[in-house]
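Me: Got a minute to go over this one with me? Here it is.
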Amino acid sequence: MLRWSRSIADRLRSRLARILREDDGSASLEFLTVGLLMLVPLIYVVVALGQIQHQALGAEAAARHVARAISLSSDAASAGSSAFEVLSAVMAEYDLDASVTSLSISCVPASASCPTAGSTVRVSVATRVSLPLAPPVLGLDQIASVPVEASAVQRMSRFWSGG
């Protein structure tokens, strides 16, 4: 009886070894499995990087155009209104979220009023980009976001009369 079970075990062992050596029909299954496991994250990374780049370009365009609008304005009141109009237009063009976008304007050299004649205006725009497919449950969309900031400088004319 012991001899009979050894022969069955030997046959099972040889059959299992033969099955493991054979590679018939498993290439397509392996390709699909490995392909899906690698392709889905790769597509997600490409989409996420595309959204981040789009928002970065929007922040950079907003900073540059607002600085330019301020330097071309005739006085401080029109500088503020034209800066707001340009910022609104750029935010609409690049789909920047107004609730997470901030604008900062400063002048060098620092003075009581900004902008002043002969100063350099520095405009910074900061925003956050939510990653795709991040659910808004429990604030996960805020946790899974990337900060983006852009700055631009523009020199004011020495003859600017915007006091």
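Reply: Sure, let's talk about its backbone oddities and a charged patch. This is a predicted model, where local features need pLDDT of at least 70, side-chain atom pairs count only at pLDDT 80 or more, and totals for chains, interfaces and linings use all residues. Residues are numbered from 1 along each chain as its sequence is written, and side-chain values use heavy atoms, with hydrogens and water left out.

Me: OK, which peptide bond is cis?
Reply: The one from V108 to P109, with omega near 0 degrees. P109 sits in the loop between β1 (102-108) and β2 (120-130). Strands here are DSSP runs of E, at least two residues, and helices are runs of H or I, at least four, numbered from the N terminus.

Me: Why point that out?
Reply: Because most peptide bonds are trans, and most residues other than glycine have a negative phi.

Me: On phi, what's the value for D95?
Reply: Near 55 degrees, so positive, in a residue other than glycine. D95 is in the loop between α3 (76-94) and β1.

Me: Is D95 buried or exposed?
Reply: Exposed, at a relative accessible area of 58%. Buried means under 20%, exposed over 50%, partly exposed in between (1.4 Å probe, protein chains only).

Me: And where is L133?
Reply: In the loop between β2 and α4 (140-143). L133 is not a glycine, yet has a positive phi of about 65 degrees, and counts as exposed at 79% relative accessibility.

Me: New topic: where is R11?
Reply: In helix α1 (residues 2-21). R11 is exposed too, with a relative accessible area of 54%.
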